[in-house]
Structures are given as C-alpha cells and as structure tokens.
Amino acid sequence: MTEHINSQRRHILLGAAALSAGVLPSISHAAEPLKVGLIVPMSGPFASTGRQIEAAVKLYMQQNGSVAGGRPVEIILKDDGGVAPDVTKRLAQELVSRDKVQVLAGFGLTPLAFAAAPVATQAKVPMIVMAAATSVIPQRSPYIVRTGFTLAQVTAPMAQWAGRNKIKNVVTFVSDYGPGLDAEKVFVKDFTEAGGKVVDSLRAPLRNPDYAPFLAKVKDLKPDALFVFVPSGEGAAVLKQFTDRGLAAAGIRLICTGDVLDDDLMASIGPAAAGVVSSHHYSAAHPSAENKAYVEAFTKANKGMRPNFHSVGAYDGMHLLYQALKQTGGDSNGDKLLAAMKGMAWTSVRGPVSIDAATRDIVQTVYIRKAEAVGGAWFNVEFDQVEKVRDPGV
C-alpha cells in the first residue's frame, strides 16, 4: 500500500501492491484498475465516521482480494473534514476529472452527499452512500445507491415500540439538519398514531456541544420519555448531560436511535447508557455467525476498535461494488454497474439486506436493543426486530 497525506487529502492505493507482488497471476497486466474515490471525514468532529469506513473498506479488501470481475480495485481516500459541502464537492470533481475514478463512495453526512450528487450525475458514475442518512439522498442523483440506512427507517420501529410499552408522552430532541428532521417527523407521526402524545419537539444546532439548556426544558416538561437523535460522535455528550442534569433521577426515560449509542463510543459512554432502549440496523452484539466473525476480524485489524454501523455501511458498500463488477465482467460503465446493483440481495453481517430496484435504497431488519453490560463491556443487546424495513418516504 502506498499512502500520501497532505492538508486536504489522503490516498490509499490498494491493489497495486498486490499486482506488483505477483499474487494475481490470472489477471492480465493490461487490466486497467477500477478507481474508487472514497470521500469521508478523517479529521474534524466526525472523524470517527471516516475512521470506521476506512477500516471496513480495508478489511473487505484484505478478506476478498483487490480484484473483482477481473479488474484490480484501487481506493483513493480523501478527507473532506465532515463540515464543508463545498470541500466535498471540490474533492468529488477532482476525483472524477483528474484521478478518473469510476465510482464515488463514502459521504459521512447528508449535506456532503447532497454536494457531491450533481458531480455523480454529470459524470455518470455510481455514488455509493455508506453513511449519510436523510431519506431524500437517492433522489438527488439517479446514480446514488445507499448501503447504510435512513434515519426515518430506524426511527419508525422505535416510535411504534414506545407506543406499545406504556410510554404515553414524549419530548423529541434532534439535531437540526436533514436526518434529525426526518427522525422528528416520523417519530411524531408513528407515536401519535400509536396513541401517544408528543409534548414538545426541540432541535439543537448540528455542531452543539452544550445540550444543557435543552435538557433543562425537558426536565421541566416532565415527559415519560425523551426521544433523541444526534449524529454519531455526539452521543457521549448527550448521555453525560442527561445524567448530570438529573433527568434519569427524575424518572424520565431516554429512548433513541442507535446513532446515540454508537458502538465505537460505548466504552466512553459507559454506565450512563444502562437500560437505554434504542432502534437501529446494526449492533456489534448482533448474534449471527457472520457478525461474530466480522467483529473479531475488525477488532483484530484495528487495535481493538469495535466496529459500528458506519463500518457495516462501508463493508456492504464494497460487497455491492464487487458483486456488481462480477456481474458486468469488469465493465465499469456507470449505467451497467448501477443496473447490476439494483435489486441485489445478500446476507450482511447485520442480517438480510437488499437494494430496492426502484428507490436504490437499502431494505433491512431494524432491531430494538437495550444497553447492557456484557462481559465487562457495554453493548446494545437486541431483543426485538422488524424485518424488511424500507424507508417510509418522509
């Protein structure tokens, strides 16, 4: 592997080393590599998302080789910092025009995916969204395919569960951007339809380290529960301030989407997570044989780091790409790759998944989990599930 780092970008070139080492004797030396531009936040407040995605891409290629459909696969990693859409758009443009990538992938947050979408459309290259979770993302380009999740998709089962489990009134509290607004809308709709009452809906700025004023208002409102969505990386702050402000002691339950209880952060959240019920599409504690093997391999390859849901979005994104390349016989034409991706189904480490041929969005099982101490560490332990969940189309 050759790696180059500067202030704006990092390159990871995977596949060339394998070729030079002679481990691919069946591949013609004339086979042009398929280049994938992987744009993720490797620095800034959402760096954990980029770190998880990068690690999963590396692991997939270590396990499955650097060739698919007779084509060497080369990953070019770019750090967009996670907060400036114009940076993401510029990087996508450079990858397409200068580096000649045939696939774009990654995208940690919704505004960044929005920024890159026109580039994918103009260049006619598939854009695999591995993390960003606003419902409308695939509508921004006919070349977008999502392998992560949508906030609306994982919120609806939580609202329905709350309505069935003696939670009568709730305050919703979300980060004020696309996924948060999706989560708020779906929770209010489904919880109300289940007979519950939403007392108030609060929104915090996306980059907001101080949640105390919002939590003080929640404490005064005295709901049965507080429903929370904040993006991956912010959960520890919310849980700490929820406890410090005395909401748990006042008898207010915290329920949330799995972003809040990110597996990557469970060690730092610790006992503050105890008993918190969440809904999500992946937990490192998922009991399948596929996931146990994945967690073991991921942890071993990354100095003990636990895989989270963003890693699985990336791991499955690579699987989707490899299988599409096999179907096209290595043809990297964007329309042919996209056609191969539509309708594809497989058993992921998270459970059965498929790509809806009409929406290009992922269909998957959503699990209800409770945070518990297992073997001296904190995990989200699944106890219920809803199968074949589609985005509800908010």
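Okay, Gln52: this residue touches Asp264, Phe298, Met305, Arg306, Pro307, Asn308, His310 and Ser311, with residues up to four places away in sequence left out of the list. Contact here means heavy atoms within 4.5 Å. Gln52 sits in helix 2, residues 47–64. Helices, by the way, are DSSP runs of H or I with at least four residues, strands are runs of E with at least two, and both are numbered from the N terminus. Is Gln52 buried or exposed? Buried, at a relative accessible area of 0%. For the cut-offs, buried is under 20% relative accessible area, exposed is over 50%, and partly exposed is in between, with a 1.4 Å probe and protein chains only.

Quick word on what we're looking at. This is a predicted model, so local features need pLDDT of at least 70 and side-chain atom pairs count only at pLDDT 80 or more, while totals for chains, interfaces and linings use all residues. Residues are numbered from 1 along each chain as its sequence is written, and side-chain values use heavy atoms, with hydrogens and water left out.

Now the whole chain. We've got 12 helices and 17 strands. The radius of gyration is 21 Å, close to the 21 Å that the globule rule gives for 394 residues, so the chain is as compact as a globular protein of that length. That radius is taken over C-alpha atoms, and the rule is 2.2 Å times the number of residues to the power 0.38. If you want a box, the C-alpha atoms fill roughly 70 × 45 × 40 Å along the principal axes.

Of the 394 residues, 60% count as buried. Take the contacts between residues at least 6 apart in sequence: 67% of them join residues at least 24 apart. The accessible surface comes to about 15000 Å², and carbon and sulfur atoms account for 52% of that. Those areas are Shrake-Rupley with a 1.4 Å probe, and for residues only the protein chains shown count as cover.

Charges, for the electrostatics people: 41 positive and 36 negative, with mean positions 1 Å apart. Lys and Arg are the positives, Asp and Glu the negatives, and His and the chain ends aren't counted. Each charge is placed at NZ of Lys, CZ of Arg, CG of Asp or CD of Glu.

On to the inside. The largest nonpolar core has 99 residues, and Leu38, Leu104, Met127, Ile255 and Tyr294 have the most contacts inside it. Helix 11, residues 309–328, gives the most to this core, with 10 residues. Apart from that core lies another one, of 27 residues, including Phe173 and Leu254. A nonpolar core, to be clear, is a set of buried Ala, Val, Leu, Ile, Met, Phe, Trp, Tyr and Cys residues joined through side-chain atoms within 4.5 Å.

Which residues does Ile255 touch? Beyond four places in sequence, its partners include Met158, Trp161, Phe187, Phe227 and Val277.

Back to helix 11 for a second, where we find Ala314. Ala314 is buried, at a relative accessible area of 0%. Outside four places in sequence, Ala314 touches Ile53, Ala56, Val57 and Met130. Its C-alpha is 7.2 Å from that of Gly106, and the two residues are 208 apart along the chain.

Next, backbone angles. Most residues other than glycine have a negative phi. Phe107 has a phi near 75 degrees, so to speak a positive value in a non-glycine. Phe107 lies in the loop between strand 6 (103–106) and helix 4 (110–123), and is buried at 0% relative accessible area. Lys388 also has a positive phi, about 50 degrees, without being a glycine. Lys388 is in strand 17, residues 377–389, and counts as exposed at 69% relative accessibility.

Last, two loop residues. Where is Arg245? In the loop between helix 8 (235–244) and strand 12 (253–257), partly exposed at 39% relative accessible area. Setting aside neighbours within four places, Arg245 contacts Ala212, Leu215, Ala216 and Lys219. Arg245 and Lys219 are 26 residues apart in sequence and 8.2 Å apart C-alpha to C-alpha.

Then Ala285, in the loop between strand 13 (277–280) and helix 10 (289–301). Ala285 is partly exposed, at 28% relative accessibility, and beyond four places in sequence is in contact with Asn291, Phe379 and Asn380. From Ala285 to Asp176 it's 30 Å between C-alphas, with their positions 109 residues apart in sequence.
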